[in-house]
Amino acid sequence: MDFTFIIVIFLIGFIGSYISGMLGIGGSIIKYPMLLYIPPLFGLAAFTAHEVSGISAVQVFFATIGGVWAYRKGGYLNKSLIGYMGMSILIGSFIGGYGSKLMSEGGINLIYGILALIAAVMMFIPKKGIDDTPFDQVTFNKWLAALLAFIVGLGAGIVGAAGAFLLVPIMLVVLKIPTRMTIASSLAITFISSIGTTVGKVTTGQVDYFPALIMIVASLIASPLGAIAGKKVNTKVLQVILAVLILATAIKIWVDIF
């Protein structure tokens, strides 16, 4: 492993984790395509889809820890929402992460493309008035939240994501959770989800540990910095950034599939 390899992987991890902390996502929506396509541009060996999903799974676990820690004060974390969605997504992500060993690379990329496309469409649905509700008056359908989280967990576990790029639009559009509470709570739910995904990937031998370690170091530095930035940025701007990132990733994945 040469110096160029370490720098490239670190920067991928840093950029993805900064965005992760700022937007309340695990960062796989960014890092999955970056890990697939950027190393070969520098003459480095290309990762397989299985290796990328395994590295992403482990990295997301640590990126979300940093993000949640930065949001722990200020009433941003909805404990009831985290409990219902967290337990459901943990079960789903473990099943998906373990079962992904049986899938082809093309199958993994196809599922990732479908998830990204659904998330992109949801992010462009108008979200009026959700940020007018005080944090202590937020309500939601608990069983619907749990069911949707389980479904997200299954798909996200397969691709080594933690599903936050789908959780965020679901929480904003379907459950009507305010933007900053969505960002903070989704990081906590994503952390829980990443436990199941990581265990599934590690036990089936899908993790390349050296690049995963580099990504972890980058995550622990960048994710809290992103969370601090996210508290200061206008909520409409945060929604637009996330929508554009998800749409761009969906387009890239589908172009490659066809």
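Val199 counts as partly exposed in this predicted model, its relative accessibility coming out at 39%. The residue sits in helix H8, and so does Ile195. Ile195 is likewise partly exposed, at a relative accessible area of 33%. Partly exposed here covers the range between under 20%, which is buried, and over 50%, which is exposed, so the 39% of Val199 puts this residue in the middle class.

What do these two residues belong to? Ile195 and Val199 are part of a nonpolar patch on the surface, together with Ile91, Phe94, Ile95, Tyr98 and Leu154. Taken together, the patch residues have about 590 Å² of accessible area. Two elements, helix H4 (79–99) and helix H8 (179–203), each give two or more residues to the patch. H4 gives the most, with 4 residues. As for Val199 and Tyr98, they are 101 residues apart along the chain, yet 8.0 Å is what separates their C-alpha atoms.

Then there is the inside of the model. In soluble globular proteins, nonpolar side chains tend to be buried together. Here, the largest nonpolar core has 72 residues. Those with the most contacts inside this core are Ile25, Tyr32, Leu35, Met85, Met171, Leu175 and Ile177. Helix H7, running over residues 164–174, gives the most to the core, with 9 residues.

Leu175 is worth a look of its own. Setting aside neighbours within four places in sequence, Leu175 is in contact with Leu81, Met85, Thr139, Phe140, Asn141, Leu144, Ala145 and Ile170. One of these partners, Met85, is also listed with Leu175 among the core residues with the most contacts.

Definitions and conventions:
Residues are numbered from 1 along each chain as its sequence is written. This is a predicted model: local features need pLDDT of at least 70, side-chain atom pairs count only at pLDDT 80 or more; totals for chains, interfaces and linings use all residues. Side-chain values use heavy atoms; hydrogens and water are left out. Patches are made of residues with over 30% relative accessible area and no salt bridge: like charges are joined within 9 Å, nonpolar side chains (Val, Leu, Ile, Met, Phe, Trp, Tyr) within 5 Å. Accessible areas come from the Shrake-Rupley method with a 1.4 Å probe; for residues, only the protein chains shown count as cover. A salt bridge is a side-chain nitrogen of Lys or Arg within 4 Å of a carboxyl oxygen of Asp or Glu. Buried means under 20% relative accessible area, exposed over 50%, partly exposed in between (1.4 Å probe, protein chains only). A nonpolar core is a set of buried Ala, Val, Leu, Ile, Met, Phe, Trp, Tyr and Cys residues joined through side-chain atoms within 4.5 Å. Contact means heavy atoms within 4.5 Å.
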